[in-house]
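Subject: Structure for your review

Dear colleague,

Please find below the structure that I agreed to pass on to you. My notes on it follow directly after.

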Amino acid sequence: MIVWLDGQLVDAAEARVSAFDHGLTVGDGVFETMRVAPAPDGARAAFALTRHLRRLRRSLGGLGLALPTDDDELRAAVAGVLEANGPDAGRIRITVTGGSGPLGSDRLAVPPTVVVAAGPATAWPPTATVVTVPWRRNEHGALAGLKTTSYAENVVALDHAHRAGAGEAIFANTAGLLCEGTGTNVFVVRDGVLRTPPLTSGCLAGITRELVLELVPATEVDLPLDALADADEAFLTSSTRDVHPIEAVDGRSLPAAPGPVTRAAMDAFAGLVARTVDP
Ligand SMILES: Cc1ncc(COP(=O)(O)O)c(C=O)c1O
């Protein structure tokens with residue numbers, strides 16, 4: 001794989017980041033993951049890149065990090081990595097960290113580390129199984145709603161889900177309300193009405209979530225955690241899963257996966273991806 005590191009395309013085996021990088025030592029960084037989709041000119045491009053770059057800037061702002069390069073350089077880096085890796089690139093990730101730092105939480109006034117890397121697309125099963133986890137998302141925390149590299153809580157929760165035989169872990173927030181998955185937003189259907197937790201629940205402002213809300217009728221509303229297990233149908237959204245029907249919650253099957261509302265959201269999203277690469 002070829003990656004872009006601080007302005008250069010380099011072989012991944014030769015790419016070097018400092019052992020003192022603040023992203024490595026304290027998780028001081030932000031990232032974006034995008035799916036790769038066909039562009040109108042037949043090339044391959046990062047889907048919804050404009051929205052992802054906007055969210056990257058928001059996450060950087062939330063951490064008080066500055067990125068000296070403009071979006072044109074990041075766009076060129078993404079295009080360069082896609083071109084260099086060809087069809088092997090199914091997903092693409094931009095990571096920006098606080099750069100080289102001391103071993104504690106203080107920062108040095110140094111340039112950030114910027115990496116653009118590609119990987120294969122994940123082959124998801126047609127439906128997802130999820131478990132709810134005992135740990136809570138802190139909707140009041142300094143990192144709420146930011147896509148940071150401090151993801152160890154997600155790693156622990158996802159490992160818990162895998163040990164329970166499920167594919168994703170779902171968090172409640174500190175108020176006990178439905179929030180999100182480790183790398184997904186969640187939608188539930190009851191009596192034909194599609195609902196998803198609002199951003200105030202502490203969930204990430206998922207790009208796929210945002211697009212689904214623009215494509216199909218849905219309400220953003222606080223929901224108890226139980227709304228997921230009690231749903232007629234439910235689905236996850238993320239940049240690598242698109243709209244992914246949930247088959248079972250905590251070992252109990254939902255009545256339909258996909259049900260008609262989920263199917264409509266899946267079709268609407270697939271139609272969008274077929275129409276445009278940067279909605
Ligand atoms: C915690 C979390 N929530 C939700 C999502 C879904 O966001 P998106 O649709 O932008 O991929 C992600 C994406 O990785 C995530 O990490």
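Ala157 is found in helix H4 of this predicted model. With a relative accessible area of 0%, Ala157 is buried, since the cut-off for that class is under 20%. Not counting residues up to four places away in sequence, Ala157 touches Val133, Trp135, Ala169, Phe171 and Thr182. Ser253 lies 96 residues from Ala157 in sequence, and the C-alpha atoms of Ala157 and Ser253 are 21 Å apart in space.

Helix H4 itself runs over residues 152-163. At 1.5 Å a residue, its 12 residues should span 16 Å, and the end C-alpha atoms are indeed 16 Å apart, so expectation and model agree. Which residues of H4 are buried? They are Asn154, Ala157 and Ala161. These residues cover an arc of only 70° around the axis, and therefore they sit on the same side of H4. The spacing fits a general rule: an α-helix has 3.6 residues a turn, so residues three or four places apart point the same way. The buried residues of H4 pack against strand S7 (128-137) and strand S8 (168-173). On the face turned away from the buried side, H4 carries the exposed residues Ala152, Val155 and Arg163. Just after the helix, Gly165 takes a positive phi of about 80°.

Strand S7 leads to the next residue of interest, Arg137, which is found in that strand. Is Arg137 buried or exposed? At 11% relative accessibility, Arg137 counts as buried. Its side chain makes a polar contact with the side chain of Asn154, at 2.7 Å, and Asn154 is one of the buried residues of H4. Leaving out residues up to four places away in sequence, Arg137 touches Glu153, Asn154, Phe171, Ala172, Asn173, Thr174, Cys179, Glu180, Gly181 and Thr182.

Glu180, one of those contacts of Arg137, is found in strand S9 (residues 178-181). Glu180 is also buried, with a relative accessible area of 7%. The side chain of Glu180 reaches the backbone nitrogen of Leu204 at 2.9 Å. Apart from its neighbours within four places in sequence, Glu180 is in contact with several residues, including Ala169, Ile170, Asn185, Val186, Gly202 and Cys203.

The pocket and the cavity come next. The largest pocket has a volume of about 910 Å³. Of the 44 residues that line this pocket, the closest to its centre are Arg137, Tyr151, Asn154, Thr182 and Gly183. Which element supplies the largest share of the lining of the largest pocket? That share, 5 residues, comes from H4. Strand S3 (29-38), S7, H4, S9, helix H5 (207-215) and strand S13 (233-238) each supply at least two residues of the lining.

The structure also holds 1 cavity of 30 Å³ or more. The largest cavity has a volume of about 50 Å³. Its lining is made up of Arg35, Phe47, His52, Ile207, Thr208, Leu211, Ser239, Asp242 and Phe269. Helix H5 gives the largest share of that lining, 3 residues.

Asp242, which lines the largest cavity, also deserves a note on its backbone. Most residues other than glycine have a negative phi, and most peptide bonds are trans. Asp242, however, has a phi near 55°, a positive value in a residue other than glycine. Its place is in strand S14 (residues 242-249), and with a relative accessible area of 17% Asp242 is buried. Asp250 likewise has a positive phi, of about 50°, although it is not a glycine. Asp250 is found in the loop between S14 and S15 and is partly exposed, with a relative accessible area of 41%. The peptide bond from Ala257 to Pro258 is cis, with omega near 0°. Pro258 lies in the loop between strand S15 (252-253) and helix H7 (260-275).

Finally, helix H3 covers residues 71-85. Its 15 residues, at 1.5 Å each, should span 21 Å, and its end C-alpha atoms are 21 Å apart, which agrees. The buried residues of H3 are Leu74, Ala77, Val78, Gly80, Val81, Leu82 and Asn85. Just after H3, Gly86 takes a positive phi of about 55°.

With kind regards

Notes:
Residues numbered from 1 in each chain as written. Heavy atoms only, no water. Helix = DSSP H or I, 4+ residues; strand = E, 2+ residues; numbered from the N terminus. Expected span 1.5 Å × (residues − 1). Buried < 20%, exposed > 50% of the residue type's maximum accessible area, 1.4 Å probe, protein only. Polar contact = N/O pair within 3.5 Å; in protein donor to acceptor, adjacent residues only side chain to side chain. Contact = heavy atoms within 4.5 Å. Arc of directions from axis to C-beta. 1 Å grid on protein atoms, 1.4 Å probe; cavity = no way out; pocket = protein on both sides within 12 Å on 5 of 7 lines; lining within 4 Å. Points joined across faces, edges and corners; volume = space filled by probe spheres on them.
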